[in-house]
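Reader: I would like to understand how the words used for a protein structure are tied to numbers. Could you take me through this one, term by term?

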Amino acid sequence: MHALVCIKEVLDPEITPAQFRVNAQTRKAEVPGAALVTSIFDINALETALKLRDAAGAGTVTVLSLGARSAETILRKALGCSANAAVLLSDEAFAELDPAGVATVIAAAVKKLERDGKPVDVVMTGRQAADFEHGQTGGLLAEALGWPCLTFISKVKPMPGGLEARREIEDGHLLIHAKTPLVLTITNDETNQPRLPKVRDVMMANRAKIPVWGCAELDLDGAKLAPRVRASSLAVAQRDSHCEVVEGESAQAKAVALADRLRELKIV
Amino acid sequence: MKTLIVARGGAEFAARKMILAVRHRGDTPAVLFFGTAEAAGELRDCGSGEIATWDGKALATSPGEAGVAVLERFAREYQPELILFAADSSGREWAPRLAWRLGAGLITECTGWSTGADGKLAFERPVYGGKATATFVSETALSIAVVQAGTLEAPETAAESSAPVRVLDYAIATDPAWPVVAERVVESGTGPSLQDARIVVAGGRGVGGAENFKLLEQLAQTVDAALGASRAAVDEGWVPPSWQVGQTGKSVRADLYFAIGISGASQHIAGLAAAKNVVAINTNGDAPIFNVARLGIVGDYKEVLPPLMGRLKEMLGK
């Protein structure tokens, strides 16, 4: 099975609200010196794909990133975690894409892989990215390809002709049998946490050649990627703290005082 | 503005909140309801417009594909300018796919919207894990929004309507390529559901282990609360993913939210926007959770919870 995992380079989400700044003109976060990392649910997606490959005992995991040239770093990191191949989608025409534009470009890459004799069986994306958190790429991409889509998947097992996926829903979960090809969006659980890369894989990853595909390679007309939605403003969220810290001689005294305050305030 | 609200059985709170929010803006929304006509009819108590329902078998076996097929057909007939979905597992799955099919601009996780001077719809939403807020403008004739219903500005009630309820007779042919639900597992919590609970007891990394959640369960039983967790506790495997609260989990609208051993990452706090009173119990007094808490204790929850439960039991006569 050939799994294609879409990973995105984002500003480190661990940056605290106190450090966080935005550029109101470009409508992007701007935190000098902050690290760029792989969006966390994309790491869960990568781990899910690697586990699926290893459970099947065969198959290929290709990682793809759409972004700036700097995204090569997160692709190498994924190769270091034993992904088999990587490709970077980068072009000036991709600078201001909306989610539908992103899906259009990735769909073109899936079609190119097919033309190149490497057809994709399953695409995995994180459920949402850690920056703009649209949570749209998977569903839009499935439609662009004409494939089914399953969202909020936490576990995947190989099955003849497809796979079994566990979908997390409000009051429990669904076990779903799906034929390939299809698109999955991945959510976190305890089984898809990032692995530690092996030294040998990291060394190989650093030497790997990562192709860069733009409009020309993807046979895309950049003018047709006009956004349907655009950000018109971005501002740091305002927060006012009014926390009343309950004091006391001991944990016991604090606990009793807290219960009493809850009653006084008519909260319980 | 001709508005269509997508709702489903079991998520009536979100449906009512969306209807009230649209009415608050001076419009009467139509509703497409996935569920029984009887359940749908009850939404008229908050002044909905006409209601269409669909409850075909394929909704249970292939909810994603069947739902999108029904949505596409109905939307092409009804021709709305704005479609609203609730930010739950169905809405988040259906909206992007419908948006593609209809060529609509889509904005997710919205907390509000308005029409600008240029006549275009502008939607507010949190981004960067709640550290920033953004406005997105839709450039298309049809806009679709997935909304965090609990945060919408809306009156509590509206006059009942007598709008008609129409059962759609769409025969949706299932495709052999569609994924099929083989098993549905309901995690049988004994208490109230997390999204609707009046009181929530939630734990994070600071709880320290799966076993330790028993103490939180006891507190939850004492005050008839639902249990929740931060992403860190889910990633550790201490609690199931259905407990996860935050931008990447469930949004709660509790009157009282106990955050125990939760440091308060922005993405967690984003799920608390509609919670009225947050109580933080944490050994680290500098934890960001105290910035959103109304009351807090700096201390070890293992020492705090037993006497807290004792006092609450006295008060509640338990």
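Author: Let us begin with a word we shall need often: a residue is buried if its relative accessible area is under 20%, exposed if that area is over 50%, and partly exposed in between, using a 1.4 Å probe and protein chains only. The model is a predicted one, in which local features need pLDDT of at least 70 and side-chain atom pairs count only at pLDDT 80 or more, while totals for chains, interfaces and linings use all residues. Residues are numbered from 1 along each chain as its sequence is written, chains are lettered from A and ligands numbered from 1 in the order in which they are written, and side-chain values use heavy atoms, with hydrogens and water left out.

Reader: What makes strand E5 of chain B mostly covered?

Author: Strand E5 of chain B comprises residues 105-110, and six of its six residues are buried. The word strand here means a DSSP run of E with at least two residues, whereas a helix is a run of H or I with at least four, and both are numbered from the N terminus.

Reader: How do you know that E5(B) and strand E9 of chain B pair?

Author: Two strands pair if DSSP finds at least two bridges between them, and E5(B) is joined to E9(B), residues 143-147, by four bridges in the parallel sense. Within this pairing, Leu106(B) stands opposite Ile144(B).

Reader: Why is strand E6 of chain A called largely enclosed?

Author: Strand E6 of chain A, residues 60-66, has six buried residues out of seven, and so it is largely enclosed by the rest of the structure. Strand E1 (residues 2-6) of chain A runs parallel to E6(A) and is joined to it by five bridges, with Val63(A) as the bridge partner of Val5(A). E6(A) also pairs in the parallel sense with strand E7 (residues 85-89) of chain A, over five bridges, and there Leu64(A) stands opposite Val87(A).

Reader: What makes the β-α-β unit of E6(A), helix H2 and E7(A) right-handed?

Author: A crossover is right-handed if, with the strands pointing away from the viewer, the path from the first strand over the helix to the second runs clockwise. The unit made by E6(A), helix H2 (residues 72-80) of chain A and E7(A) is assigned this hand.

Reader: Why is there no disulfide at Cys46(B)?

Author: A disulfide is a pair of cysteine sulfur atoms within 2.5 Å, but the closest cysteine sulfur to that of Cys46(B) lies in Cys110(B), 20 Å away, which is too far for a bond. Over all chains, a search of the whole structure finds zero disulfides.

Reader: Why is Cys46(B) called buried, and why is Cys243(A) called partly exposed?

Author: Cys46(B) has a relative accessibility of 4%, and therefore counts as buried, whereas Cys243(A), at 22%, is partly exposed.

Reader: What makes a polar contact between Gln247(B) and Glu133(A)?

Author: A polar contact is a pair of N or O atoms within 3.5 Å; within protein, one must be able to donate a hydrogen and the other to accept it, and residues adjacent in sequence count only if both atoms are side-chain atoms. The side chains of Gln247(B) and Glu133(A) make such a contact at 3.0 Å. Gln247(B) is found in the loop between helix H7 (231-235) and strand E14 (256-260) of chain B, and because its relative accessibility is 2%, Gln247(B) counts as buried.
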